[in-house]
Amino acid sequence: MLIQSCISSMPTKWIANFNSYGSTFNIVALIVVIITIPAATNRADQGLPKFTPSSVVWGNFYEGTNFPQGVSLLMSFVAVIWTMSGYDAPFHLSEECSNANIASPRAIVLTSGVGGLFGWFLQLVVAYTVVDIDLALESDLGQPYAAYLLQVLPQKITMAILALTIICAFSMGQGCMVAASRVTFAYSRDECFGPLSNITKRVNRHTRTPVNAVWFNTIIGIIMDLLIFGGPLAAGALFSIGAVAAFVAFAIPIAIRVFFVGDRFRPGPWNLGRYSAPIGTLACAFVALMVPILMLPSVTGSDLE
């Protein structure tokens with residue numbers, strides 16, 4: 001996190017270069033992983049078919065919670081919400097973009113589209129190759145993805161894929177740090193942090209970036225990292241709260257545009273046209289459905305602690 005904060009404190013052009021290289025590496029690494037897992041799987045050496053039959057992949061439902069299947073399915077969206085949340089970064093950085101009214105929405109569409117497409121392919125690869133979901137989740141490694149890879153791949157290939165994953169995670173974290181610092185900077189200009197806003201809204205005269213906002217977020221992030229000592233429940237609660245907060249934050253401007261502004265809204269050059277209101281209504285309805293679902297624990301009744 002400290003290294004990511006140093007990168008996020010650099011001039012905008014330098015940050016853009018880091019993010020460009022990181023994004024390219026992420027896409028290339030993801031394609032490599034999607035191809036490598038089915039090509040190198042050792043399921044056959046374990047006496048299993050090379051791939052799980054489609055009837056099992058599409059016909060079986062994994063009971064990951066104590067709730068009914070429909071609720072369990074909706075609860076699984078928390079991972080998708082986190083994975084797909086990167087599309088908000090372009091509008092946090094729009095003030096530092098040229099031609100932002102075109103570049104930002106285009107980046108949002110490409111980010112969500114490419115991420116959703118390749119994420120779907122990766123999920124299919126996992127579904128067709130995983131050996132035992134329970135063993136992966138309950139592994140002593142504490143990392144279900146690493147445990148899954150060890151189930152289906154030789155150790156050396158697993159280590160190579162995990163190395164790629166670590167690099168990708170660092171790049172993703174650096175991008176999140178940039179976006180978060182720009183949100184803090186924007187809020188600070190509106191005096192949302194009270195007296196502290198006078199510090200966090202300053203722009204460094206050397207880098208011309210909000211360095212104070214970057215390190216303010218870094219301190220908060222380090223404090224939140226201490227929750228790992230509170231066990232998996234504390235960390236899980238943090239992820240759920242983050243997903244809910246992000247969902248609500250995305251929905252507020254959409255709801256204002258659809259239900260309060262209406263025809264007075266002046267669209268930019270990149271817009272949904274006549275589909276704007278219907279899609280906005282569906283988006284708000286989905287958020288209203290998911291917020292209480294994301295609050296639910298994975299267990300029920302006497303199993304609750």
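**Group meeting: an all-helix predicted model**

Ser276 is found in helix α14, which covers residues 276-294. I begin with this residue, and I should say at once that the model is predicted. Is Ser276 buried or exposed? Its relative accessible area is 15%, and because buried means under 20%, Ser276 counts as buried. The C-alpha atom of Ser276 is separated by 9.4 Å from that of Arg257, a residue 19 positions away along the chain.

Let me now turn to the chain as a whole. The protein chain has 14 helices and 0 strands. Read along the sequence, the pattern is therefore α-α-α-α-α-α-α-α-α-α-α-α-α-α, with helices defined as DSSP runs. The radius of gyration is 22 Å, close to the 19 Å that the globule rule gives for 305 residues, so the chain is as compact as a globular protein of that length. Along its principal axes, the C-alpha trace spans about 65 × 45 × 40 Å.

How much of the chain is buried? Of the 305 residues, 28% count as buried. The chain exposes about 18800 Å², and carbon and sulfur atoms supply 69% of that area. As for contacts, among those with a separation of 6 or more, 68% are accounted for by residues 24 or more positions apart. On the matter of charge, there are 15 positive and 15 negative charges, and their mean positions are 20 Å apart.

I come next to the interior. In soluble globular proteins, nonpolar side chains tend to be buried together. In this model, the largest nonpolar core has 15 residues. Which residues have the most contacts inside this core? They are Ile37, Tyr148, Leu149, Leu153 and Ile161. Four helices each supply at least two residues of the core: α2 (12-40), α7 (100-129), α9 and α10. Of the helices, α9 gives the most, with 5 residues.

Leu153 deserves a closer look. Leaving aside its neighbours within four places in sequence, Leu153 is in contact with Thr36, Ile37, Ala40, Thr41, Asn42, Thr158 and Ile161. Two of these contacts, Ile37 and Ile161, are also named among the core residues with the most contacts. There is also a second, separate core of 12 residues, which includes Ala251, Val287, Met290 and Ile293.

Returning to α9, I would draw your attention to Gln151. This residue lies in that helix, which runs over residues 144-152. At 14% relative accessibility, Gln151 counts as buried. What does Gln151 touch, once its neighbours within four places in sequence are set aside? The contacts are Asn42, Gln46, Val130, Val131, Asp132, Leu135 and Ala136. Asn42 is thus in contact with Gln151 and with Leu153.

Helix α7 offers another example. Phe118 lies in this helix. Not counting residues up to four places away in sequence, Phe118 touches Leu30, Ile31 and Ile34. Phe118 and Ile31 are 87 residues apart along the chain, and their C-alpha atoms are separated by 7.9 Å.

A further pair of this kind involves helix α8, which covers residues 133-137 and contains Ile133. Where along the chain is Tyr62 relative to Ile133? The two are 71 residues apart, with their C-alpha atoms separated by 8.6 Å. At 35% relative accessibility, Ile133 counts as partly exposed, because that value falls between the cut-offs of 20% and 50%.

I close with the backbone at two loop positions. The first is Glu191, in the loop between α10 (155-189) and α11 (197-200). Phi of Glu191 is near 60°, a positive value in a residue other than glycine. Glu191 counts as partly exposed, at 38% relative accessibility.

The second is Arg208, in the loop between α11 and α12 (211-225). Arg208 likewise has a positive phi, of about 60°, although it is not a glycine. Is Arg208 buried or exposed? With a relative accessible area of 59%, Arg208 is exposed.

Note on methods:
Residues are numbered from 1 along each chain as its sequence is written. This is a predicted model: local features need pLDDT of at least 70, side-chain atom pairs count only at pLDDT 80 or more; totals for chains, interfaces and linings use all residues. Side-chain values use heavy atoms; hydrogens and water are left out. Buried means under 20% relative accessible area, exposed over 50%, partly exposed in between (1.4 Å probe, protein chains only). Contact means heavy atoms within 4.5 Å. The radius of gyration is taken over C-alpha atoms; the globule rule is 2.2 Å times the number of residues to the power 0.38. Accessible areas come from the Shrake-Rupley method with a 1.4 Å probe; for residues, only the protein chains shown count as cover. Lys and Arg count as positive and Asp and Glu as negative; His and the chain ends are not counted. The place of a charge is taken as NZ of Lys, CZ of Arg, CG of Asp or CD of Glu. A nonpolar core is a set of buried Ala, Val, Leu, Ile, Met, Phe, Trp, Tyr and Cys residues joined through side-chain atoms within 4.5 Å.
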